[in-house]
Every structure is written in structure tokens, then in C-alpha cells.
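Student: Could we go through this structure together? I'd like to practise reading it step by step.

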Amino acid sequence: MTDTFTIVTAEAAAPDPAKHVNYVQGMVLGVDDFTQEFAYLSGRDQWLAREALGYGVLRGLRVRVEPGGADGPRVYVSSGVALTARGELVCVPDDQCAYLNPWLSANQARVPASTPATLYVRLCYSSCATDSQPIPGEPCRDDDDLMAPSRIKDWYRLELTTDPPAQVEEDGLRAFVAWLRAVRKSIGLSPVEALSLEDFVAAVRAAWLPAGEGEGSPPLAPPYRLAEELLIPGYDADSYLRAALRVWTNEVRPALSAQGQACARPPADGCILLAALDLELTNDRRQVLEVLEVREAEAPFLLHLRMLQEWLLSGENEALPAESVRAEQAYGLAADVGLAHEYARADHTLSLIHI
């Protein structure tokens, strides 16, 4: 027997981010209604961010490793802002650090036996309840039930882990763009061997989508057909690019996304990778002998619109033949090659100028 009453309630289901409250005259609003309306507004912001913007570091959040004395090296993460894979905006307001040796001792069973061992620094969104205030209620309550948090604060969580965050779409996007840029473009009029638009689209599908499988199947990795094997007419390259990007949008990207995920539902894991740490460890896996490398190349980052605008408007440097070229005799050319651009372009060792 206990001297207090215990009220057992079922755990409330998470509100559907695709629903919002239909306000009608005389409707009595409760906590569930306000929670649902917040879930809808917040959920649409996150949905728009992950579908239209992507995810990654927006500013700061550089990772470095420095000596830390008796506790071994320590990992520093600078302050900054990021957008998670769930579309959550995360701010780390101050520089953070963590010692590696205490973490290794506490997580020895999780540390892989491979050499070198790799740990991952990842950033996640978190929240915390704050600003407790007295709340009305029934008598015979514990002291803990007399106060309740009145605010929820956006926060963050930095983690060291042996498993990298899943970033299938990020990796697929990079691979697709690299593959597409490697497609060869003819100069001038289309030669006979250039692919038709229909054949090119079929080649993109064949390279990036598994044959004979249903929608939602993950793309092939890596593509079995090399982009260097494809030739498209340079005069119509924009039409071919549009067609390839449409295949990415309509078919490849859905296959890379979380299978079976409803439109407004975020992925289960929204954490993003900041860096991978390659470490040489002692035999007992409890201490760091040497930090071999801090790898940030795999971590996603997201350029803001102003940067993209300036990049597009600033133009590019182009390399053109110089007014004079040096003699080339290895290919049987005369020592005095002259100053004519036509002759310069025929030379094999051009001097280059940037304009």
C-alpha cells in the first residue's frame, strides 16, 4: 500500500506534422490542440529546409585535435550553426571540447579493433525544458508535481561515436554530380557518335537505378557505366543536363531518401557528421598514441544563397594561349614557332595567361 495516489496515463502519440487545427466558433482548445498547431508550423519549416535546401554546416563548427596533458588529446569544436538532416536549425553558441582518453576508457567495448581506429564527431539537435513555474492541480501531489517547465529551449548535442551518421543522399549527390561532370561534350556540331537525348537519359537510368526493381530501391553504387564512355553534343548540352537532373529529381533522389517515409515525416536520425578522427591506439584501446588525421572532407556543408549569387556573378578565369610560346622540338616542330595564335594553338607546350 502507498500513501499517494498514482495516475497512470497512456503515452501520447507524436502529433502528425501534416495536420493543423481547424478552428471553429465555440471550440474549446486544450494542450493537444496547441501542441498539434506547433507541430504543424515547425514541421513545415523543417520539411521545407530538408527538401529544398539540404543539410550541413552553415557556419563555423571546425573540428581540431590538440594536446590535452594527462588526459590525452582533446577534440575542439568551434561555435557555429548547422542544418540537420531532419531540417532542424542547430546553434552551438560556444567552443566545446572533449578529452579522448576518458571517452575511450568508458567505451572500450565499442571501440573497433581495426588499426587505425576511427571515431566520428557528430552534431545533433536537442531540446531542454526550462523556466519552471507553479501549476494549478489537484491536492495530494508530490512537490515535484507543483512545478512544470513553461518553455522548451532549442539546444544541441555533440557526440563521439564509432558509427558515422547515415548520409546516403549526401554521398549520392556528390557521386551523381561528379559522374555527370565527367560526361564528355563534343566541340562544334554533334558528331555521329554522340548519343541522342533519349539514349542519354536511358544511360543515366542504367547507371544510377537498379534494373527491374521497384520504386524506392537504392541506386547502384558505384555506377557500372562510366560517364567518360558517354558523348553528348556540346551545342545542346543544356538540354542533356536538364534531362539528367530531371532523372535525379524524379527517380534517383527518391531512391536515396528514406524508404517508405511520408512526405512531412522527418528521418529518424538527423545528426550530421562534423569530422572523422583516425587514431593510433594502445593495445588495450584505452589511450591515444597518435592522432593520424582529422578528416572533414566527408562532412556536409551548405553554402548560403548570397555566396552562390556572388560566385555566379563573379565569372571564371579562362586560360588562353599567350602572345608568345616557347619552342617545342620534341614533336618535330621548328625552333622558331612565331607569334601567331593559330600556330600557338597547334603547339604542344603552350604558355598560358589568365584573363
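Student: How many bridges join β7 to strand β8?

Tutor: Good place to start, and keep in mind that this is a predicted model. Strand β8 covers residues 147-161 and runs antiparallel to β7. One facing pair to look for is Ser132, which stands opposite Pro149 in β8. The number of bridges joining β7 to β8 is 14.

Student: β7 also pairs with strand β11, so over how many bridges do they pair?

Tutor: Find β7 at residues 117-134 and β11 at residues 272-281. Val121 stands opposite Ala275 in β11. The two strands pair in the antiparallel sense, and the number of bridges is seven.

Student: Is Met27 buried, partly exposed or exposed?

Tutor: Met27 lies in the segment before α1, the helix of residues 31-53. Met27 also helps to make a nonpolar surface patch of about 480 Å², together with Tyr23, Val24, Leu29 and Phe34. Buried would need under 20% relative accessible area and exposed over 50%. Met27 has 32% relative accessibility, so it counts as partly exposed.

Student: How many contacts beyond four places in sequence does the model have for residues 350-355?

Tutor: Let's begin with confidence: the mean pLDDT of the chain is 82, and 77% of its residues reach 70 or more. Over residues 1-11 pLDDT stays under 50, and the model has one contact beyond four places in sequence for them. Over residues 350-355 pLDDT also stays under 50. For residues 350-355, the number of such contacts is 24.

Notes
Residues are numbered from 1 along each chain as its sequence is written. This is a predicted model: local features need pLDDT of at least 70, side-chain atom pairs count only at pLDDT 80 or more; totals for chains, interfaces and linings use all residues. Side-chain values use heavy atoms; hydrogens and water are left out. pLDDT is the predictor's confidence in each residue, from 0 to 100. Contact means heavy atoms within 4.5 Å. Patches are made of residues with over 30% relative accessible area and no salt bridge: like charges are joined within 9 Å, nonpolar side chains (Val, Leu, Ile, Met, Phe, Trp, Tyr) within 5 Å. Accessible areas come from the Shrake-Rupley method with a 1.4 Å probe; for residues, only the protein chains shown count as cover. A salt bridge is a side-chain nitrogen of Lys or Arg within 4 Å of a carboxyl oxygen of Asp or Glu. Helices (H or I, at least four residues) and strands (E, at least two) are DSSP runs, numbered from the N terminus. Buried means under 20% relative accessible area, exposed over 50%, partly exposed in between (1.4 Å probe, protein chains only). Two strands pair if DSSP finds at least two bridges between them.
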